[in-house]
Amino acid sequence: MIKAALLVGLGSFVGGSLRYLSVVWIDRKADIDFPLAILLVNVTGSFLIGFMTPGLERFSWSGDASLPLFLSAGMMGGFTTFSTFSLQTLKLMQAGSWAMAGINAVASVLCCLVFVFAGLKLGQLLFR
């Protein structure tokens, strides 16, 4: 359990650092009034987690989950949690659970928007 947490934490550090560097670089290159950097990071992370998943599922390394934990939960989770959300939604679709996939997509986006707004308003009230 501690080894797994350390692997995820190390991967999150790498992924989060890559996200930061990517966003700074993209923002410097594209001077527009649209969150292009985050969109590109989310799309890239979604592609990468999708690309890695079959290999990570196929090769179990004798039951050792170290690499999948580091790469998927850690690095991609640190790079973007949107990639994990996308993979879970895709797996629901592939399983034929279209309604659940739709509910997951709509609920995730709407709930996160509502709660980021609520958190922002609460923070504005508390930290005047």
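In what order do the elements of the protein run from the N terminus on? Going by this predicted model, the answer is α-α-α-α-α. Put as a tally, that is five helices and zero strands.

**The overall picture**

Start with the dimensions. Measured out along the principal axes, the C-alpha atoms fill a box of roughly 55 × 35 × 30 Å. The chain has 128 residues, and buried ones make up 25% of them. On the outside, the protein exposes about 9100 Å², with carbon and sulfur atoms supplying 73% of that area.

How do the contacts spread along the sequence? If you take contacts between residues at least 6 apart in sequence, 62% of them join residues at least 24 apart.

As for charge, there are 8 positive and 5 negative side chains. The centres of these two sets lie 5 Å apart.

**Three residues side by side**

Here are three residues, each with its helix and its relative accessible area.

| Residue | Helix | Relative accessible area |
|---|---|---|
| Leu 36 | α2 (residues 36–58) | 23% |
| Thr 89 | α4 (residues 81–94) | 8% |
| Leu 113 | α5 (residues 98–126) | 52% |

Let's take Thr 89 in helix α4 to begin with. Is Thr 89 buried or exposed? Its relative accessible area is 8%, so Thr 89 counts as buried, the cut-off being under 20%. And what does Thr 89 touch, leaving aside its neighbours within four places in sequence? The list is Ala 101, Asn 104 and Ala 105. Helix α5 covers residues 98–126, so by the numbering these contacts of Thr 89 fall in that helix.

Leu 36 sits in helix α2, which spans residues 36–58. With a relative accessible area of 23%, Leu 36 is partly exposed, because that label covers values between 20% and 50%. For a sense of distance, Leu 36 and Ser 46 are 10 residues apart in sequence, and their C-alpha atoms are 15 Å apart in space.

Now for Leu 113, over in helix α5. Leu 113 has 52% relative accessibility and therefore counts as exposed, as the cut-off is over 50%.

**A nonpolar patch**

Leu 113 also belongs to a nonpolar patch on the surface. Which residues form this patch along with Leu 113? They are Val 106, Val 109, Leu 110, Val 116 and Phe 117. Together with Leu 113, they have about 570 Å² of accessible area.

How values were computed. Residues numbered from 1 in each chain as written. Predicted model: local features only at pLDDT ≥ 70, side-chain atom pairs only at ≥ 80, totals over all residues. Heavy atoms only, no water. Patch = residues over 30% accessible without salt bridge, like charges linked within 9 Å, V, L, I, M, F, W, Y side chains within 5 Å. Areas by Shrake-Rupley, 256 points an atom, 1.4 Å probe, with all protein chains shown as cover. Salt bridge = Lys/Arg side-chain N within 4 Å of Asp/Glu carboxyl O. Helix = DSSP H or I, 4+ residues; strand = E, 2+ residues; numbered from the N terminus. Buried < 20%, exposed > 50% of the residue type's maximum accessible area, 1.4 Å probe, protein only. Contact = heavy atoms within 4.5 Å. Lys, Arg positive; Asp, Glu negative; His and termini not counted. Charge placed at Lys NZ, Arg CZ, Asp CG, Glu CD.
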